[in-house]
Amino acid sequence: MTSYRLNRLFNPLSGRALDVAVDHGFFGEPSFLKGIESIDTAVGALVEANPDAIQLTVGQARVLQSVPGKQKPALVLRTDIANVYGVPLDDHLYSHHFPDAVEEAVRLDAVCVVANLIQLPGRPEIREANIKSIMSLRKDCTRYNMPLMVEPLVMQDNSVNGSYMVDGDTRKIVSLVRQARELGADLIKADPTSEVEDYHLVIEAAGDLPVLVRGGGGNISDRALLERTVGVLAQGARGLVYGRNIMQHRDPVGITRAMMAVLHSGTSVDNALQLIAGE
């Protein structure tokens, strides 16, 4: 699908994008709120750093869209809510999209909407719910010419590590990315593979769709994060969707600028680290 909206997501020179996810309050997990307790403060800092996009929910999008001027980051709108991140998992799991999500995205001037496609061990009903949401969103996205970003998310059983963890198994990620493409995604937001050099297989599964790499949580050094970023870009990724890696960082503005320098200017890891306070 061709959508003029994506001209506001991807940098016209590099053809890449950094989307900073600040939609974690949607999921009701206390640990997800660290660094974004005040959405106004968090979005204000990001507008200063000027990533290509900020990912928000329908209830918080106004914070970004109320900022005057033409040069602010674009809006990516989260459409679905789930309770699959808790530890321990609830006995009853759910995942729902809000029914007028695409119309809201049009009203809010979003560049695209995003929805999950989750593979959770032993809980196929979550994947089924996600597929139903994607099919419904696809219908409305086609009607309004709104790009649909699908987020294939291969999760581990929470009992393995005692926390929400993704599974970097290349084979699992590739098959879920392929399913996202089959369901009609316009963009893919996918986890990095455990072996970065395998990421071209994810790109291949997505075909001609742009792939943006998830950051996820986890305690990872700035150098390791930037080196992984360089690695997935070299494998063909078109951008990044980083959330807690940025919003829970000691210097969210600095790490955002470092990511933008690597993405759009080909800045080396060593030079990008100099943009971060304390490095």
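**Figure 1. The whole fold, with its eleven helices and ten strands.** This is a predicted model, so take it as a computed picture of the protein. The radius of gyration comes out at 17 Å, close to the 19 Å that the globule rule gives for 279 residues, so the protein is as compact as a globular protein of that length. If you lay the C-alpha trace along its principal axes, it spans about 45 × 40 × 35 Å. Buried residues account for 53% of the 279. Look at contacts between residues at least 6 apart in sequence, and you'll find that 69% of them join residues at least 24 apart.

**Figure 2. The surface and its charges.** The protein exposes about 12100 Å², and carbon and sulfur atoms supply 49% of that area. Count up the charged side chains and you get 27 positive and 34 negative ones. The centres of these two sets lie 5 Å apart. Side chains of opposite charge can pair when their charged atoms come close. This structure holds 21 salt bridges, and the next views zoom in on some of them.

**Figure 3. A buried pair, lysine 189 and glutamate 151.** These two form a salt bridge, with their closest N and O atoms 3.1 Å apart. The pair links distant parts of the chain: lysine 189 sits in strand S8 (residues 187–190) and glutamate 151 in strand S7 (residues 148–154), 38 residues apart. Both partners are buried. They also belong to a network of salt bridges that links Asp23, Arg78, Asp80, Glu151, Lys189, Asp191 and Arg214.

**Figure 4. A pair within one helix, arginine 178 and glutamate 182.** Here the salt bridge has an N to O distance of 2.6 Å. Both residues lie in helix H6 (residues 170–182), and they are four residues apart, about one turn of the helix. Are they buried or exposed? Arginine 178 has a relative accessible area of 46%, so it counts as partly exposed. Glutamate 182 reaches 55%, so it counts as exposed.

**Figure 5. A pair joining two helices, aspartate 270 and arginine 223.** The closest N and O atoms in this salt bridge are 2.8 Å apart. Again, the pair links distant parts of the chain: aspartate 270 is in helix H11 (residues 269–273), arginine 223 is in helix H8 (residues 222–234), and 47 residues separate them. Aspartate 270 is partly exposed, with a relative accessible area of 44%. Arginine 223 is partly exposed too, at 37%.

Definitions and conventions: Residues numbered from 1 in each chain as written. Predicted model: local features only at pLDDT ≥ 70, side-chain atom pairs only at ≥ 80, totals over all residues. Heavy atoms only, no water. Rg over C-alpha atoms; globule rule 2.2 N^0.38 Å. Buried < 20%, exposed > 50% of the residue type's maximum accessible area, 1.4 Å probe, protein only. Contact = heavy atoms within 4.5 Å. Areas by Shrake-Rupley, 256 points an atom, 1.4 Å probe, with all protein chains shown as cover. Lys, Arg positive; Asp, Glu negative; His and termini not counted. Charge placed at Lys NZ, Arg CZ, Asp CG, Glu CD. Salt bridge = Lys/Arg side-chain N within 4 Å of Asp/Glu carboxyl O.
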